Amino acid sequence: MKFQSALKLITACALSILATAAFSHGDEAHPAKPPAAAKKEQKPWGIAGDDKSVTRTVTLTMTDNMRFSPDKLSFKQGETVRFVIRNQGKLLHELVIGTKPELDAHAAMMVKFPGMEHDEPYMAHVPAGKSGGLVWTFNRAGDFDFACLIAGHYQAGMVGKITVTPR
Ligand SMILES: [Cu+2]
């Protein structure tokens with residue numbers, strides 16, 4: 001019985017490896033197909049936005065005082081916002097948008113694994129003295145947060161608030 005289920009597991013793994021190989025081969029055979037990044041995932045705090053749909057631009061400044069300026073933003077549901085993010089510090093900072101529970105959990109992971117690479121459409125990493133950006137559509141109303149999740153920064157209070165009012 002045990003042997004059988006182990007065998008089943010091995011078969012399942014082999015099948016999924018085959019499926020993956022077949023899939024990536026298929027991708028190579030059709031280079032015109034847009035990359036997987038084109039698939040947008042709805043989040044409770046919105047969805048990745050398109051450049052052509054931007055209705056508003058917001059400039060945020062980040063400093064080594066572990067603060068964002070401004071640290072309170074409000075949008076109307078449906079707005080597509082271009083964030084222009086200026087890092088005026090000497091350290092790497094980032095902007096990550098999310099719900100408070102999501103950011104709390106993510107920040108805890110960043111403390112455990114400081115070298116962890118993370119990159120999603122709702123975050124931007126901005127090197128010292130540089131500018132970065134992201135485009136996000138706030139298609140859900142609610143109270144959200146934005147933060148820098150680099151280990152220690154979140155804990156030092158590098159957070160801000162976003163209010164999205166219903167249409
Ligand atoms: Cu930071």
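## A copper site and the sheet beside it

In this predicted model, His153 is a buried residue, because its relative accessibility of 8% falls under the 20% cut-off. His93 is buried too, with a relative accessible area of 0%.

What do these two histidines hold on to? Both are donors to the copper ion, His93 and His153 each through ND1, and Cys148 joins in through SG. The coordination distances run from 2.0 to 2.2 Å. Read along the sequence, the donors follow the spacing H-x54-C-x4-H. His93 sits in strand 6, while His153 is in the loop between strand 9 and strand 10, so the pair ties together parts that are 60 residues apart in sequence.

Now for the sheet. It's an open one with five strands in the order 4-10-9-6-7, and the pairing is mixed. Strand 4 and strand 7 are its edges, each pairing on one side only. Here is where the strands lie:

| Strand | Residues |
|---|---|
| Strand 4 | 72-76 |
| Strand 10 | 159-165 |
| Strand 9 | 142-147 |
| Strand 6 | 93-98 |
| Strand 7 | 123-126 |

On average, neighbouring strands of this sheet are turned by 20° against each other, ignoring direction. How many bridges join strand 4 to strand 10? There are five, and the two strands run parallel. For a closer look, take Leu73: its bridge partner in strand 10 is Ile162.

Helix 2, covering residues 100-112, packs on the sheet and touches strand 6, strand 7 and strand 9. The direction of helix 2 makes about 140° with that of strand 6, the strand that also holds the copper donor His93.

How values were computed
Residues numbered from 1 in each chain as written. Predicted model: local features only at pLDDT ≥ 70, side-chain atom pairs only at ≥ 80, totals over all residues. Heavy atoms only, no water. Donors = N, O, S within 2.8 Å, 3.2 Å for Na, K, Ca; no water. Helix = DSSP H or I, 4+ residues; strand = E, 2+ residues; numbered from the N terminus. Buried < 20%, exposed > 50% of the residue type's maximum accessible area, 1.4 Å probe, protein only. Pairing = 2+ DSSP bridges. Axes fitted to C-alpha atoms, helices over the stretch in contact; angles between N-to-C directions. Contact = heavy atoms within 4.5 Å.
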